[in-house]
Amino acid sequence: MFMRKILFINPALDVCGVPHAGLASLAAVLKQNGHAVKVADYHFSSKLPPPEKILEDFRPDIAGISLFSCMAGKVDKIIKTITDKKIPLLCGGPHAASYSEELSKDTRFDYVVVGEAENVISEVVENATVNPVPRMIYASLPDVSALPFPHNS
C-alpha cells in the first residue's frame, strides 16, 4: 500500500455550521490507513477557499463528492473542475442511494458508492483509476464500534 491524497467535498446551498459526519468518518478510516485526507465541507463553513484553489494547493490523487438530490444539478462546475484534472472521482451520499441507476450511467464519475462506505473506502482509494463508466459499489453498514474516532489533525 502507498499513501494517496484524497479530497472530499461537501457542496452546500447554505451553511448550517454542522460538519458532515460521514465524510469525517471516511477521513478517519483513510488516515488510520496512512492516507492524507482533506475535507472541504462548504455546508459546515463558507470560509473555505473555492474548490479550484483547494485542488490546486492540495493536488489530490482522488476526489470524492457527497451528493444531495437538491444539489445534484448545482455541482456541475465542481465536478467539471475535478474531471478536468483527470483524477478519479467518487460519488456518494443520499443522491447516490436514491438515484444509483441514473448515476450508473453518469460518465463524469469513476465510482458511485451506494451505502455507508467505511468498509470499502480504503480499497477503493488504493485501487482508484479513471474509468470510462462508473463502477458501482454497494456497501454494507460498518461496525460503528470498530471505526476510528474522527478528529482534526
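User: What makes Lys 5 a charge over the face of Phe 58?
Analyst: The term has two cut-offs: NZ of Lys or CZ of Arg must be within 6 Å of the ring centre and within 35 degrees of the ring normal. Lys 5 lies 4.9 Å from the centre of the Phe 58 ring, over its face. Therefore the distance satisfies the 6 Å limit. This is a predicted model, in which local features need pLDDT of at least 70 and side-chain atom pairs pLDDT 80 or more, while totals for chains, interfaces and linings use all residues. Residues are numbered from 1 along each chain as its sequence is written, and side-chain values use heavy atoms, without hydrogens and water.

User: How do you know that Lys 38 also belongs over the ring of Phe 58?
Analyst: The charged end of Lys 38 is 5.6 Å from the ring centre. That is within the 6 Å limit, so the distance condition holds for Lys 38. Its position is over the ring.

User: How many aromatic pairs does the whole structure have?
Analyst: Zero. To pair, rings of Phe, Tyr and Trp (its six-membered ring) need centres within 6.5 Å; planes under 30 degrees apart are stacked, over 60 edge-to-face, and the rest tilted.

User: Why is the contact of Glu 52 and Lys 77 called a salt bridge?
Analyst: The rule asks for a side-chain nitrogen of Lys or Arg within 4 Å of a carboxyl oxygen of Asp or Glu. Here the N to O distance is 3.8 Å. Therefore the pair qualifies. Glu 52 sits in helix α2 (residues 51-58) and Lys 77 in helix α3 (residues 76-84), 25 residues apart, so the bridge links distant parts of the chain. Helices here are DSSP runs (H or I, at least four residues), strands are E runs of at least two, and numbering starts at the N terminus.

User: What makes Lys 77 exposed or buried?
Analyst: Buried means under 20% relative accessible area, exposed over 50%, and partly exposed in between (1.4 Å probe, protein chains only). Lys 77 has 61%, so it is exposed. Its partner Glu 52 has 27%, so Glu 52 is partly exposed.

User: How do you know that Asp 57 and Lys 53 form a salt bridge?
Analyst: Their N to O distance is 3.1 Å. The limit is met, so the pair counts. Both residues lie in helix α2, four residues apart, about one turn of the helix. Lys 53 is partly exposed because its relative accessible area is 38%.

User: What makes Arg 108 and Asp 106 a salt bridge?
Analyst: Their closest N and O atoms are 2.8 Å apart. That satisfies the rule, so the contact is a salt bridge. Asp 106, at 17%, is buried. Arg 108, at 31%, is partly exposed. Asp 76 joins these two residues in a network of salt bridges. By the rule, the count is six salt bridges.

User: What makes up the lining of the second largest pocket?
Analyst: The lining has 21 residues, and the closest to the pocket centre are Leu 26, Gly 92, Gly 93, Gly 115 and Ala 117. On a 1 Å grid over the protein atoms alone, a pocket is an open set of points with protein on both sides within 12 Å along at least five of seven lines; a lining residue has an atom within 4 Å of a point. The space is about 320 Å³, a volume filled by probe spheres set on points joined across faces, edges and corners. α1 (21-32), β3 (62-66), β4 (89-92) and α4 (94-98) each give at least two lining residues.

User: Which classes does that lining contain?
Analyst: It has 12 nonpolar, seven polar and two charged residues. Nonpolar covers Ala, Val, Leu, Ile, Met, Phe, Trp, Tyr, Cys and Pro; charged covers Asp, Glu, Lys and Arg; the others, Gly among them, are polar.

User: Why is Pro 88 called buried or exposed?
Analyst: Its relative accessibility is 6%, so Pro 88 counts as buried. Pro 88 lies in the loop between α3 and β4. In that loop, Lys 86 has 65%, so Lys 86 counts as exposed.

User: What makes the phi of Lys 86 worth a note?
Analyst: Most residues other than glycine have a negative phi. Lys 86 has a positive phi, near 60°. Arg 59 has a positive phi too, about 50°. Arg 59 lies in the loop between α2 and β3, and is exposed at 62%.

Technical notes. 1 Å grid on protein atoms, 1.4 Å probe; cavity = no way out; pocket = protein on both sides within 12 Å on 5 of 7 lines; lining within 4 Å.
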